[in-house]
Amino acid sequence: MNTKILKAIATKDILEVKQNKAAWMPMVIVPLIFVLLIPLGLILIPQFLDIPIDEFLADPDLEIFLANMPPSLQQTLEGLDPIQSALVMALGYMFAPLFLIFPLMFSTVIAAESFAGERERKTMEALLYTPATDSELFMGKVLAAFIPALILTWGSFFGYMIVVNAASFPLFGRIWFPLPSWWPLMFWIAPALALLGISATVLISVRNQTFMGAYQLSSSLLWSW
Amino acid sequence: MEAIVRVDQLSYRYGECLAVDRLCFESQPGEVLGLLGPNGAGKTTTVRLLNGLLVPASGQLTVMGLDPVSQGCRLRRHTGVLTETPALYERLTARQNLNFFGVMAGMESPALETRIAELLAFFELTERANQRISAYSKGMKQRLALARALLHRPKILFLDEPTSGLDPEASRAVHELIESICRQNGQTVLLCTHNLHEAQRLCDRLVILDRGQLLAFGSMDDLRQQFVPGLWVAVEFLRPLPSAAAEQLLTIPGVVQVKPEDKRTWTIRVENESVVPSLASYLVAMNAALLSLMPRQVSLEEIYFKLQRGDRFAHQEVQHEY
């Protein structure tokens, strides 16, 4: 497989996305909401609005819920006050699956557009007349979606790490995030899941005549999965 | 000389539709070969087959001695294709487009940058090289698409409807470009067109197709000889000639056909040039008010329509024939 061809296809597609504001704007807005606004809200609002969080955490159902958590989680929460526990639960555990969805959220548009978009814009034929093999075209398109998705996901993760630690520092007095489980999640599971989802979407795009059809089908499949 | 493109009994189906039907032709290095036919004749399909984009249903084909089916990627390093639509990335600039296709063709810096600059200058696009293609006119896009096809100095150039949708001025510019590029560089060109004037002007030999079938193959002279032998003479009279004169003209040895175009203009087909003086003498002798007499070659248009819609035109000819 010719790496120069893969790089050329990926670079070209990324450049095209970069030129299309409507395509990359959601990629910026979504992380801003999940990485900046929601964590900040969760950390700061209870402090400033004087929400009786102790009462909320004293809920017997929540106590049962916490008591049935795996020992490793209980160990993490040991010695933390109720507010700290709530933040660790929410920001350290409940937000984690979001970072598995992020790469797919970022890449579905690019991956669905990969071949169907070329076909719609009538550029597919010119691409096929190049000396690239089918597998090079496929891999190039997968990389075009995978690289920005991974960069954005990792960027969001580091942004989230800074926001969470900085905003909660007055409450914890130390840097507590990320929890150990986040490392394999971010650098192993998320890329693998993204690669799988993107490959499936690009395959759907190969078979679909229109971007809309490819996007709808791949979104339905990925989200239902 | 060894043929650079050889097609033998080539067939291809799109589902039930036979797009190419037992097609046979060949092309010599350095020639401009025209693939001529109406929409749906199989021209574009043939180009796709020759580049290994489609797998034939049956038949043999070799391009530069390579099998497009099994050696398509290798072959495409040596072919350049101007697709029917410019097929350029509208959000990218001209330079970015050329750079992408150059890398895809295996070109490397700095030779690629030099070649891009050379082509942009040649096609008069240097000043707008860093502008997005979406801001380009159709003619500019077509020139850029042609530049892309020539970028890696292909040995064979496939031009699919190069002037489709262009205004006459832009079409003429593209014709001049094709002529100069091909004649100077000695590239083999396969030109797909349904523009008969374009084909007659640019092509050394022609493959005339209809519904995937080969109707004729050869040079203009071959086709004339084969399908409309002889020479046409356009005769203009100052005063209308009685229609009975047509019968008399047919008695001249070598006169094959007489067609009055209107009251004062007749077209007469003769066997060869040597009949023209006899015809002129006869007309003078019969006191025809002869204004002009102009021998002319049968055009590709006449041959093409004779081949494509033989029955209908044959019927019209019978009506006018004396």
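The exercises below work through the two chains of a predicted model, each with a solution in steps.

**Exercise 1. Describe the helices, strands and extent of chain A.**

Step 1. Count the elements: chain A has 11 helices and zero strands.

Step 2. Read along the sequence, the pattern of chain A is therefore a run of α elements, as the definition of helices and strands is applied, written α-α-α-α-α-α-α-α-α-α-α.

Step 3. Take the extent from the C-alpha trace, which spans about 65 × 30 × 30 Å along the principal axes of chain A.

**Exercise 2. Work out the strand order of the three-stranded sheet in chain B, and find which strands stand at its edges.**

Step 1. Start with strand 1 (residues 5–14) of chain B, which is joined to strand 2 of chain B by seven bridges and runs antiparallel to it. One pair to look for here is B:R6, whose bridge partner in strand 2 of chain B is B:E26.

Step 2. Look at the link between these two strands. Strand 1 and strand 2 of chain B form a hairpin with two residues between the strands, and B:G15 takes a positive phi near 60 degrees in it.

Step 3. Turn to the other partner. Strand 1 of chain B is also joined to strand 4 of chain B, by five bridges and again in the antiparallel sense. In strand 4 of chain B, B:L61 is the bridge partner of B:V7, and B:Q60 stands opposite B:D8.

Step 4. Put the pairs together: the sheet is open, with the order 2-1-4 and antiparallel pairing. Strand 2 (17–27) and strand 4 (58–63) of chain B each have a single partner strand, so one side of each is left without a neighbour in the sheet. From one strand to the next the twist averages 25 degrees.

**Exercise 3. Trace the six-stranded sheet of chain B from edge to edge, and place two helices on it.**

Step 1. Write down the order. This open sheet runs 5-6-7-3-8-9 in chain B, with mixed pairing. Its edges are strand 5 (79–82) and strand 9 (213–218) of chain B; each has a single partner strand, so one side of each lacks a neighbour in the sheet. The twist averages 15 degrees from one strand to the next.

Step 2. Examine the edge at strand 5. Strand 5 and strand 6 (residues 156–160) of chain B run parallel and are joined by four bridges. B:T79 has B:I156 in strand 6 of chain B as its bridge partner.

Step 3. Add the helices. Helix 5 (residues 138–150) of chain B lies across strand 5 and strand 6 of chain B, at about 170 degrees to strand 5 of chain B. Helix 8 (residues 220–227) of chain B packs on the sheet and touches strand 8 (205–210) and strand 9 of chain B, its direction making about 115 degrees with that of strand 9 of chain B.

Step 4. Examine the edge at strand 9. Strand 8 and strand 9 of chain B pair in the antiparallel sense over five bridges, and B:V207 has B:F217 in strand 9 of chain B as its bridge partner. The two strands form a hairpin with two residues between them, where B:R211 in the turn has a positive phi of about 45 degrees.

**Exercise 4. Describe the interface of chain B and chain A by its area, its polar pairs and the residues on the side of chain B.**

Step 1. Count the residues: 25 of chain B are in contact with 24 of chain A.

Step 2. Take the area. The two chains bury about 2300 Å² between them, with 65% of it on carbon and sulfur atoms. In chain B, the residues that lose the most area to chain A are B:Y89, B:R91 and B:M104, together 31% of what that side buries.

Step 3. List the charged and polar pairs. There are two salt bridges between chain B and chain A. One of them is formed by B:E108 and A:K4, with the closest N and O atoms 2.7 Å apart. Eight residue pairs are in polar contact across the interface.

Step 4. Assign the side of chain B to elements. Helix 1 (43–50), helix 2 (72–76) and helix 3 (94–104) of chain B each supply at least two residues, and helix 3 of chain B gives the most, with five residues.

Step 5. Sort the residues of that side by character: 13 are nonpolar, five polar and seven charged.

Key: Residues numbered from 1 in each chain as written. Chains lettered and ligands numbered in written order. Predicted model: local features only at pLDDT ≥ 70, side-chain atom pairs only at ≥ 80, totals over all residues. Heavy atoms only, no water. Pairing = 2+ DSSP bridges. Axes fitted to C-alpha atoms, helices over the stretch in contact; angles between N-to-C directions. Contact = heavy atoms within 4.5 Å. Buried area = accessible area lost by both parts, 1.4 Å probe. Salt bridge = Lys/Arg side-chain N within 4 Å of Asp/Glu carboxyl O. Polar contact = N/O pair within 3.5 Å; in protein donor to acceptor, adjacent residues only side chain to side chain. Nonpolar A, V, L, I, M, F, W, Y, C, P; charged D, E, K, R; others polar.
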